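This briefing covers three topics: nonpolar cores, aromatic rings and salt bridges. Please look at the sequence and the model before reading on.

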Amino acid sequence: MNMKYLMRFFTVIVLLSAGYCLISCNSTKKVNILVITGGHDYDEAGFNQLLSKLPVTYDLVKHPEADDMLAPERVKNYKTVLLYDMPTDITESAKSNFLAMLENGTGLVVLHHAACSYRNWPEYLRIAGGRYAHTPWMKDTVMQPASTYKHDVKMTIKVGDLVHPVTEGVKDFEIIDETYADMEILPTVHPLLSTDEPSSSPLVGWVNSYGKSRIVTLTLGHDRQAWENPSFQQILSQAILWTSGE
């Protein structure tokens, strides 16, 4: 083979190899997560489609079987637990497993109606950093009204922290979603997302910590109108990666 053609051949091979490395090396690593549902009806096909677009491999389990999956010997197989559930009660053994999971550093993402869970377990408020209040609640000796919700609301979401790994690269965006108003949110959380929509509490996304765990709570994410929003998908993806330590 002519030396000139030989050099061209090797140049092409090098360029193709470099291109392959750029594609493969920059691809997002998938993390293994546990997805918990149950206690609230939802569009299963649409939600599964959302999960397929996230940088994850996952197991999905519903209540009441979900409680057993939080046992230390099982939950250790997952980097993060994604809650999209809404159970009313929780057993003492499940509480113990839940708290042990957080003490061991497993990440947690509390998504939409999961902020309405465990109404009779005060510690869940401290875990999630906020909650949908099913009954009136007290703030600084002043009684606050119970939370309310409204479907199919078009609202503008403002990104309050442009450099946090969960919201990095996301600009203010519009979304159609279900809103929660008059939520009880702890003043110690780190705010990420807000809105001036009157039917919603101002804060709709925040970061909290409990034990050794990173926790992200997003009140967005009711149905396909939200799930198919590119900004929502990016935030949820980055929330999973950040809570998992990736």
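In the largest nonpolar core, which has 36 residues, Phe 47, Leu 82, Leu 193 and Leu 236 touch the most other members. A nonpolar core is a set of buried Ala, Val, Leu, Ile, Met, Phe, Trp, Tyr and Cys residues joined through side-chain atoms within 4.5 Å. Buried means under 20% relative accessible area, exposed means over 50%, and partly exposed lies in between (1.4 Å probe, protein chains only). The model is predicted: local features need pLDDT of at least 70, side-chain atom pairs count only at pLDDT 80 or more, and totals for chains, interfaces and linings use all residues. Residues are numbered from 1 along each chain as its sequence is written, and side-chain values use heavy atoms, with hydrogens and water left out.

**Nonpolar cores**

- Helix H8 (residues 230-243) supplies the largest share of the largest core, 7 residues; helices (H or I, at least four residues) and strands (E, at least two) are DSSP runs numbered from the N terminus.
- Leu 193 has contacts (heavy atoms within 4.5 Å) with residues more than four places away in sequence, including Ile 157, Val 204 and Ile 235.
- A second, separate core of 34 residues has Ala 115, Cys 116, Met 183 and Trp 206 among its members.

**Aromatic rings**

- The whole structure holds 12 aromatic pairs, where rings of Phe, Tyr and Trp (its six-membered ring) pair if their centres lie within 6.5 Å; planes under 30 degrees apart count as stacked, over 60 as edge-to-face and the rest as tilted.
- Tyr 84 and Trp 227 make an edge-to-face pair, because their ring centres are 6.2 Å apart and their planes are at 70 degrees.
- Tyr 84 is in strand S3 (residues 80-85) and Trp 227 is in helix H7 (residues 224-227), so this pair ties together parts 143 residues apart in sequence.
- Tyr 84 and Trp 227 are both buried, and they form one aromatic cluster with Tyr 42 and Phe 47.

**Salt bridges**

- There are 6 salt bridges, each a side-chain nitrogen of Lys or Arg within 4 Å of a carboxyl oxygen of Asp or Glu.
- Arg 224 and Asp 43 form a salt bridge, with the closest N and O atoms 2.5 Å apart.
- Arg 224 lies in helix H7 and Asp 43 in the loop between strand S1 (31-38) and helix H2 (44-52), so the pair ties together parts 181 residues apart in sequence.
- Lys 95 forms a salt bridge with Glu 92 at 3.1 Å between the closest N and O atoms; Lys 95 is buried at 18% relative accessibility, whereas Glu 92 is exposed at 58%.
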